Amino acid sequence: IGSDGKEVYLRDIWPSNAEIQDVISSAIGATGFSTAYSDVFAGDERWQSLPTPTGDTFEWDAESTYVRKPPYFDGMEREPKPVRDIVGARVLAKLGDSVTTDHISPAGAIKPDSPAGRYLAERGVPRHEFNSYGSRRGNHEVMIRGTFANIRLRNQLVPGVEGGYTINFLTGEQTTIYDAAMAYQEAGVPLVVLAGTEYGSGSSRDWAAKGTALLGVKAVIAESFERIHRSNLIGMGVLPLQFPKGQNADSLGLTGTETFSITGIEELNQGRTPRTVRVSTDTGVEFDAIVRIDTPGEADYYRHGGILQYVLRKMLNS
């Protein structure tokens with residue numbers, strides 16, 4: 001209500017476009033921008049005082065717990081080796097339906113008693129500075145230890161237990177998924193993951209595929225895959241396989257305690273992508289799994305061991 005007793009509406013006090021432009025013109029000019037941004041890339045004294053290495057390549061800090069040199073190209077040769085069938089694989093995890101990329105690679109807080117927490121503590125990082133998996137995604141050592149470490153993950157190899165645990169079939173003992181995977185790697189045992197429908201749903205988290213590959217998983221056999229995660233697995237050299245239509249691990253009688261062999265993969269060396277490969281176990285279960293390499297480009301990535309190796313070899317050979 002105005003001083004004259006009449007109602008006042010927004011249209012009565014709202015300035016016109018011309019009035020707004022007059023104020024902008026009187027308050028903002030080119031000089032203000034040129035002055036403020038003339039040395040925007042120089043930074044303040046604290047920025048200037050940061051030590052900066054010189055040279056053509058990045059200098060990795062071996063003591064950093066945030067950014068470390070990843071092992072993707074370790075031992076890589078100029079030409080890719082032929083792909084091989086998977087023989088003598090053990091199951092790292094037997095999972096149900098709708099396992100998300102957050103189940104596979106959580107982004108939340110790092111628990112002190114987790115493999116990642118112990119890794120940081122051993123390097124002198126105080127507990128209150130552990131931060132999150134998401135903030136330490138530049139350190140593969142943390143992210144590998146966080147793969148399948150979601151506290152709500154349910155691995156059917158350890159019924160009634162939630163979190164990143166499994167059975168190490170080399171010893172028969174329950175342990176963390178990370179510790180079991182490292183034991184399998186040391187023994188030269190390849191790994192597979194069994195899963196239900198919509199495996200890898202949720203956000204397209206790249207570390208869900210990176211961590212899986214670095215744990216030593218060679219194939220994921222699921223009822224169905226989320227589109228992007230399936231592609232990401234191939235991009236990291238992990239083979240996505242699908243159970244025959246209408247079947248799953250339980251209907252086939254798979255418990256996850258079996259030893260697996262997957263044959264027919266080597267057909268890729270002839271420039272052909274097999275429609276199916278033969279999966280057999282030491283318990284007598286056999287079936288033809290559908291190969292979810294869906295494009296010729298994906299076949300190239302897989303033959304090279306992943307998209308990173310494929311791109312680097314292309315650069316080296318160009």
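## Asn139, a buried loop residue

Asn139 is buried in this predicted model. Its relative accessible area is 0%. The residue sits in the loop between helix 6 and helix 7.

The side chain of Asn139 makes a polar contact with the backbone of another residue. Its partner is the backbone oxygen of Thr65, at 3.0 Å. Thr65 also appears among the contacts of Asn139 beyond four places in sequence. The others in that set are Ser64, Tyr66, Arg68 and Tyr119.

## Positive phi outside glycine

Asn131 shares the loop of Asn139. That loop runs between helix 6 (115-122) and helix 7 (140-146). The phi angle of Asn131 is near 65°, a positive value in a residue that is not glycine. Asn131 is partly exposed, with 42% relative accessible area.

Phe148 also has a positive phi, near 60°, and is likewise not a glycine. This residue lies in the loop between helix 7 and strand 2 (165-168). Buried or exposed, where does Phe148 fall? Phe148 is buried, at 0% relative accessible area.

## A salt bridge within helix 7

The whole structure holds 18 salt bridges. One of them joins Arg145 to Glu141. The closest N and O atoms of this pair are 2.7 Å apart. Both residues belong to helix 7, four residues apart. The separation is therefore about one helical turn.

The two partners fall in separate accessibility classes. Arg145 has 13% relative accessibility, so it counts as buried, the cut-off being under 20%. Glu141 has 22% and counts as partly exposed.

## A charged network around Asp294

Arg230 and Asp294 meet through their side chains in a salt bridge, 3.5 Å from N to O. Arg230 lies in helix 10 (residues 227-235), while Asp294 lies in the loop between strand 9 (286-291) and helix 11 (296-303), so the bridge ties together parts that are 64 residues apart in sequence. Arg230 is buried, with 7% relative accessibility. Asp294 is partly exposed, with 41%.

Asp294 has a further partner. The side chain of Arg292 meets that of Asp294 in a salt bridge of 2.7 Å, N to O. Which residues make up the network that shared salt-bridge partners create? Arg230, Arg292, Asp294 and Glu298 are joined into one.

## Aromatic pairs

Five aromatic pairs are found across the structure. Tyr199 and Phe225 form one that is edge-to-face. Their ring centres are 6.1 Å apart, and their planes stand at 90°. Tyr199 lies in the loop between strand 4 (191-194) and helix 9 (206-214). Phe225 lies in the loop between strand 5 (217-222) and helix 10. The pair therefore ties together parts that are 26 residues apart in sequence. Both Tyr199 and Phe225 are buried.

Tyr301 and Tyr310 form another edge-to-face pair. Here the centre-to-centre distance is 5.2 Å and the angle between planes is 70°. Tyr301 is partly exposed, with a relative accessible area of 25%. Tyr310 counts as buried, at 19% relative accessibility. The cut-off for buried is under 20%, so Tyr310 falls on the buried side.

## A nonpolar surface patch

A nonpolar patch lies on the surface. Its members are Val8, Leu10, Ile13, Trp14, Ile20, Ile24, Ile28, Phe33, Tyr37, Val40 and Phe41. Together they have about 1,200 Å² of accessible area.

Which helices each supply at least two residues of the patch? Helix 1 (10-13) and helix 2 (17-27) do. Ile24, one of the patch residues, lies in helix 2. Its relative accessibility is 38%, so Ile24 counts as partly exposed.

Key:
Residues are numbered from 1 along each chain as its sequence is written. This is a predicted model: local features need pLDDT of at least 70, side-chain atom pairs count only at pLDDT 80 or more; totals for chains, interfaces and linings use all residues. Side-chain values use heavy atoms; hydrogens and water are left out. Patches are made of residues with over 30% relative accessible area and no salt bridge: like charges are joined within 9 Å, nonpolar side chains (Val, Leu, Ile, Met, Phe, Trp, Tyr) within 5 Å. Accessible areas come from the Shrake-Rupley method with a 1.4 Å probe; for residues, only the protein chains shown count as cover. A salt bridge is a side-chain nitrogen of Lys or Arg within 4 Å of a carboxyl oxygen of Asp or Glu. Buried means under 20% relative accessible area, exposed over 50%, partly exposed in between (1.4 Å probe, protein chains only). A polar contact is a pair of N or O atoms within 3.5 Å; within protein, one must be able to donate a hydrogen and the other to accept it, and residues adjacent in sequence count only if both atoms are side-chain atoms. Contact means heavy atoms within 4.5 Å. Rings of Phe, Tyr and Trp (its six-membered ring) pair if their centres lie within 6.5 Å; planes under 30 degrees apart count as stacked, over 60 as edge-to-face and the rest as tilted.
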